[in-house]
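Visitor: I am new to this structure and would like a close look at a single part of it. Could you take me slowly through one region and show how its pieces are arranged around each other?

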Amino acid sequence: DKYTDELIGKTEYLNQFIEAATTLHILRENAWEVADFDGDGRNELVFLQDDLLNKGYIKVYLVDKYYSTGYQLIDFTISDSNFSSINSSVISGKPLMILNVAGSSTPEILVFTNNGQNGTHLTILQYDESSEVLEQIFNYQNKFYTQYVFADSNHNGLFEININNRSSDSD
C-alpha cells in the first residue's frame, strides 16, 4: 500500500523499518520473519498482509536491500475468494514459516492461509533476486482439514512435506 511504499523509501536500516512498521501496525505480530533469502549474507524481511475488507487475497511482501541506496519492496499476491484470514490453524497464530524445502542454498517462504471451516492452504514461495520476484513453487488448496508434516524422511538433509487430509468427522 501507499504507506508501506513510503516507509520503505525512507528506510536506511532493516531494524528501523521493522520498528516503524510494527508501531504503524503494518507488521502484524507473528506474521513476519527475517532470513537471508538471496544468499548475499544480509537478512531480508518477509511479511504478510491480508485484505481486511473483502478477504479476497493475501499479500506477501519481501523487503530487500537495493544496492547501497536503500530498500525495495517486492510483493506476491495469493488470491482466493474463500480466504478468511492469514491466521493459521496449522501453527497456532503463526501463518508464516521459513524452511529450506527445495534444496537450494536459500530458504523458502511457507504461507499458511486459513480457509475457515475448510482447513488451511499452503503456498511456498522462493525469492529470485535476479528477476526481483517472489515465485510460487508449491500450492496446496485441498479443502479437507489438511495436516502438514515436515520431516526429513529419507535422511537427505531436506524436509519433505507430508500432507494428510482428515475428515471433519474424525476430530
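Guide: Let us start with helix 1, which in this predicted model lies across strand 2, strand 3 and strand 4 and runs at about 155° to strand 4. Helix 2 packs on the sheet as well, where it touches strand 1, strand 2, strand 3 and strand 4, and its direction makes about 20° with that of strand 2.

The sheet beneath these helices is an open one, formed by four strands in the order 1-2-3-4 with antiparallel pairing. Its edge strands are strand 1 (32-35) and strand 4 (70-79), each of which pairs on one side only. On average, and with direction ignored, neighbouring strands of this sheet are turned by 20° against each other. Within the sheet, strand 2 (residues 44-50) and strand 3 (residues 57-66) pair in the antiparallel sense over six bridges, and L48 has V60 in strand 3 as its bridge partner.

Now look at how the two helices meet. The axes of helix 1 (residues 2-10) and helix 2 (residues 14-23) come within 10 Å and cross at roughly 150°. Because angles over 145 degrees count as roughly antiparallel, helix 1 is roughly antiparallel to helix 2. The crossing in which helix 1 passes helix 2 is right-handed. On the side of helix 1 the residues involved are T4, L7, I8 and K10, and these meet Q16, F17, A20 and A21 in helix 2. Sorted by character, the residues of this contact between helix 1 and helix 2 comprise five nonpolar, two polar and one charged.

For a point of reference elsewhere in the chain, turn to the other sheet, an open one in which four strands follow the order 5-6-7-8 with antiparallel pairing. Here the edge strands, each pairing on one side only, are strand 5 (96-99) and strand 8 (133-140), and neighbouring strands are turned by 25° against each other on average, direction ignored. Strand 7 and strand 8 pair in the antiparallel sense over seven bridges, and the bridge partner of I124 in strand 8 is F138. Strand 7 (residues 120-128) also holds T120, which counts as buried because its relative accessibility is 1%, under the 20% cut-off. From T120 to P95 the distance is 9.7 Å in space, C-alpha to C-alpha, while the two residues are 25 residues apart in sequence.

Methods:
Residues numbered from 1 in each chain as written. Predicted model: local features only at pLDDT ≥ 70, side-chain atom pairs only at ≥ 80, totals over all residues. Heavy atoms only, no water. Axes fitted to C-alpha atoms, helices over the stretch in contact; angles between N-to-C directions. Parallel < 35°, antiparallel > 145°, perpendicular 65-115°, else oblique. Left-handed = near helix turned anticlockwise from the far one by under 90°. Contact = heavy atoms within 4.5 Å. Nonpolar A, V, L, I, M, F, W, Y, C, P; charged D, E, K, R; others polar. Buried < 20%, exposed > 50% of the residue type's maximum accessible area, 1.4 Å probe, protein only. Pairing = 2+ DSSP bridges.
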